[in-house]
Amino acid sequence: MAMEYSEKVMEHFAHPHNVGVLEDANGVGEVGNAKCGDIMKMYLKIEDDIIVDVKFQTFGCASAIATSSIATDLIKGQPVGEALKLTNQAVVEALDGLPAVKVHCSVLAEQAIKAALADYYKRQGIENELSRCADCQGCCDHDHGVVEED
Amino acid sequence: MFVYADNAATTAVSRTALEAMTKALAETYGNPSSLHRMGREASEALRQARETMAKCLGAQSREIYFTGCGTEADNWAIRYAAQAGAAKGKRHLISTPIEHHAVLHTLEALKKEGFEVTLLPVYENGVVRLEDLKSAIREDTCLVTVMYANNEIGSVQPISEIGALCHEKGVLFHTDAVQAAGHLPINVAAQHIDMLSLSGHKFHAPKGVGALYCRKGIPIQPFMQGGGQERGKRAGTEALPSIMAMAAALEESCAHLEENRKKVEYLRDKLIAGLSKIPFARLTGDAANRLPGLVSFCFEGIEGESLLLRLDLAGICASSGSACTSGSLDPSHVLLAIGLPHEIAHGSLRLSLCESNTEEEIDYILSEVPQVVRTLREMSPVWARMMETNPDPYKE
């Protein structure tokens, strides 16, 4: 069966926001692997606890690109604490839904942000739960707070 | 501009097929099994359609059985051969890893029932080698089933040679000719083919009709029980409108086969030459032995579904064997079988042409694909990583 993407997904896929590399990023995270067909890389520039700029690079399907795009929109200008609270479900909702088989793309977007924040904490020398799994790419045992949806 | 370049998925119904179908729907509505005049008329139309199909394939009328689709024909032929083999203690079948799922899944089911299956290697070009087949055939081999031409990479198999070898060894030979029928010359007698499956909608007939050719003398058994249609072998009232459309479409395709082939091959080769200029692009399938309209590439650093949907936004209908388009985690079994690593197979694109495509359309595709590939690469971390160790072709 052909998959149905919402207009919102198609809009972000066709004209993604915040694409590229942030040369002066102080938090960079990458999740996924090319073998499975999805890789997301997030670049964050954080000043005074605020995400002042964000960019992404994504290898993946239309929904992987759309989730990256909307996720960067959702956290840009936000305090770090707010970005940490971003769930994959919020990403799905912001896109007016995703086909069931594509929900993992939203999980990847959430994980990419968390990985970038973990890298930020690590660079700042801040020890916390997130910084300890800075290199785990979302595959460690501890709960990343990801909610999978059917 | 709008370009339909997904003819290996399905084709537009031709005027000839549409007229044949409309005529059948409006006028030849009788049941071919009825004794009255409407029945006799329908029966005569069915006879003519069967004769037309047989002529196109170099077969005899009584060797053609109409089915609901190519998948049914594949299932029927393989199931029958396995059953007949088992009755003689032969429980070994030979095939290839790049068959359509209609064949592969039937073989998987047979394996669970105790049959043994050997899948021949297909190498990088997606073509089987006769010496591999020769050494794979055993005393207990009951069937060799090898597709005529592959639907994803277009590789054409040495069907006549495979047929000759099977007959020399006394093994039944079936070929899934769904992609070949109407596009490549077929002569079942000359090519030593015992059974052949085809599907109407791949050569401008409507969907929902196919055929199985089964050589006279092979006591094929019915797949489902019911009435005595198709000489007692395939129960169910014949789908006369679809059958008449398919016969008309195949006749037309075969009458213009060489002329269409020349035209489509020209467009195909132009498209291949143009797309080959894209950096880190590789043609998949055999460069010479390929379906006339089939163009298949992998573009490194990008993912096929994005490529496909971006092309769709540009008005180009194509297809891809990436995992995201298949709805599973793995890319196409065909691309993996020819040895492509997952990450490259994810970036596959198939453009399949027919005789109604134009050179302007090819030019349009050639103006769009390189751009879309570049845009997607520019946002790809995989491409960025590749460029750390390679000179970036997009930078002056």
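How many cavities of 30 Å³ or more does a search of the whole structure find? The search finds three. This is a predicted model, in which local features need pLDDT of at least 70 and side-chain atom pairs count only at pLDDT 80 or more, while totals for chains, interfaces and linings use all residues. Residues are numbered from 1 along each chain as its sequence is written, and chains are lettered from A in the order in which they are written.

**View 1. The largest cavity and its lining.** The largest cavity (on a 1 Å grid over the protein atoms alone, a set of points where a 1.4 Å probe fits but cannot get out) has a volume of about 220 Å³, taken as the space filled by probe spheres set on the points. Of its 21 lining residues (those with an atom within 4 Å of a point), B:H183, B:P292, B:G293, B:L353 and B:C354 are the closest to the centre. Helix α9 (residues 257–275) of chain B, a DSSP run of H or I with at least four residues, gives the largest share of this lining, four residues.

**View 2. Strand β6 of chain B and its neighbours.** Because four of the five residues of strand β6 (residues 172–176; strands are DSSP runs of E, at least two residues) of chain B are buried, under 20% relative accessible area with a 1.4 Å probe and protein chains only, the strand is largely enclosed by the rest of the structure. Strand β5 (residues 141–145) of chain B pairs with β6(B) in the parallel sense over three bridges, where pairing requires at least two DSSP bridges, and B:T145 stands opposite B:H174. Three bridges also join β6(B) to the parallel strand β7 (residues 195–199) of chain B, with B:L196 as the bridge partner of B:T175.

Note on methods: Heavy atoms only, no water. 1 Å grid on protein atoms, 1.4 Å probe; cavity = no way out; pocket = protein on both sides within 12 Å on 5 of 7 lines; lining within 4 Å. Buried < 20%, exposed > 50% of the residue type's maximum accessible area, 1.4 Å probe, protein only.
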